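Here is a friendly walk through one protein chain, moving from a single strand out to the whole fold. Please keep the viewer open as you read.

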Amino acid sequence: MHKKIDVVIMAGGKGKRLMPLTENTPKPLLKIGNKPIIEYNTDRLGAFGIKHINITVNYLSDQIISYFEENNKHQIDFNYIKESKSLGTIGALKLIENFKNDYILVMNADLLTNVNFEALFNDFILKNGDALIATIPYKVDIPHGVVETKAGFVTDLKEKPSYTYYSNAGIYVFKKECFDFIPENAFFDATDLIEILIAKEKKIVNFPILDYWLDIGKPEDFQKAQNDIKFIKF
C-alpha cells in the first residue's frame, strides 16, 4: 500500500464543540485512554507501512508539531502544512506541492477507527475509481407498510421495509488530478470536491466501514471513546 499512496491528515480544526477541553489543547491531541486521538491514526497508518504523512495544521499547531517530534515510534516523516486561515476540510491540499504518488488518502484527525486501510485502498484500485468515500452503513427499519405513489396513484406497497443509508466517515481516497478542482486559497470542504466530481461524472467508490469508527465531535463522543477504547483491537 505504502508504495502507491500519499497521506494527508486534516488537523487544523478548533474543536469548538469540545470546549473547554480544547481551550489550550488542539482536538487531535486530546487523549483517548493513554494517547492522543491523532496518534491512533498515525500509528495505524504506520503499521500499514506508511512512512510519509502530511498533516494540515492551524489551531495550536505548534503543540501538534512538538508532540510528534518526541513521539514517533514508526519513524514517520511528517510534513506540516500550516493554514494561514481556515481552508475547510480539503482546501489546504492546494498548499501541498510534494505529492509523490498518484493516489492520496485524506482523513480527519479526530476519527477513532480500526478500519483496514489496505482493504480500502485495494477496493479503490479494483473498482478503478477516481475517488473513494468511506462510509458508515446506517440501517433504518420502518415499522409500518410503506405506500409508494406517483401522481396521486399507488404504485407499490412495501410491508415494513428496511433501508440502508450511508453517512460520510471522513476518510477519502483521490486520484491526484481531482485536486485540480480545488480553488486556490479558499475555504473548501471535501464534500464540495465530491459534489464537483459527481457533476463531472467521475467514478466515486463507496467503501462501507464494517470495523469500529467514531467521529469525536461532541463531549458525549469523547466520553464514549474513553469507554470503547478498552475493547477496540487495533
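## A strand with two faces

Strand β12, residues 204-208, has V205 and F207 on its covered face, while I204, N206 and P208 make up the uncovered one. That pattern fits a general rule: in a regular strand, side chains alternate between the two faces of the sheet. Please bear in mind throughout that this is a predicted model.

Which strand pairs with β12 in the parallel sense? That partner is β8, residues 131-141, and 5 bridges link the two. You can find the register from individual residues: A131 has I204 of β12 as its bridge partner, and A134 is matched with F207 of β12. I204 belongs to the uncovered face of β12, whereas F207 belongs to the covered one.

Strand β8 also pairs with β11, this time antiparallel, through 10 bridges. Within that pairing, P137 stands opposite Y166 of β11. Taken together, β8 is parallel to β12 and antiparallel to β11.

## Two loop residues with positive phi

Two residues are worth a look if you like backbone torsions. A151 sits in the loop that connects β9 (146-150) with β10 (153-158). K160 is found in the loop between β10 and β11 (162-175). Each has a positive phi although it is not glycine, as stated for A151 and for K160. The table sets out their values.

| Residue | Phi | Relative accessible area |
|---|---|---|
| A151 | near 55° | 74% |
| K160 | near 45° | 54% |

Are these residues buried or exposed? A151 counts as exposed because its relative accessible area is 74%, and exposed means over 50%. K160, at 54%, is exposed too.

## A buried loop residue

L30 offers a contrast in the loop between β1 (5-11) and β2 (31-32). L30 has a relative accessibility of 7%, so it counts as buried; the cut-off for that is under 20%. What is L30 in contact with, once its neighbours within four places in sequence are left aside? The list starts with L18, L21, T22 and T25, continues with K35, P36 and I37, and ends with F222. For a sense of distance across the chain, take L30 and N227: they are 197 residues apart in sequence, and their C-alpha atoms are separated by 15 Å.

## The chain as a whole

Stepping back, the protein chain holds 5 helices and 13 strands. Its C-alpha trace spans about 65 × 40 × 30 Å along the principal axes. The radius of gyration is 19 Å, which agrees with the value near 17 Å for a compact globule of 234 residues.

How much of the chain is buried? Of the 234 residues, 47% count as buried. Among contacts with a separation of 6 or more, 75% come from residues 24 or more positions apart.

The surface may interest you as well. About 12,400 Å² is exposed by the protein chain, and carbon and sulfur atoms supply 51% of that area. As for charge, there are 29 positive and 31 negative charges, and their mean positions lie 3 Å apart.

Definitions and conventions
Residues are numbered from 1 along each chain as its sequence is written. This is a predicted model: local features need pLDDT of at least 70, side-chain atom pairs count only at pLDDT 80 or more; totals for chains, interfaces and linings use all residues. Side-chain values use heavy atoms; hydrogens and water are left out. Buried means under 20% relative accessible area, exposed over 50%, partly exposed in between (1.4 Å probe, protein chains only). Helices (H or I, at least four residues) and strands (E, at least two) are DSSP runs, numbered from the N terminus. Two strands pair if DSSP finds at least two bridges between them. The radius of gyration is taken over C-alpha atoms; the globule rule is 2.2 Å times the number of residues to the power 0.38. Contact means heavy atoms within 4.5 Å. Accessible areas come from the Shrake-Rupley method with a 1.4 Å probe; for residues, only the protein chains shown count as cover. Lys and Arg count as positive and Asp and Glu as negative; His and the chain ends are not counted. The place of a charge is taken as NZ of Lys, CZ of Arg, CG of Asp or CD of Glu.
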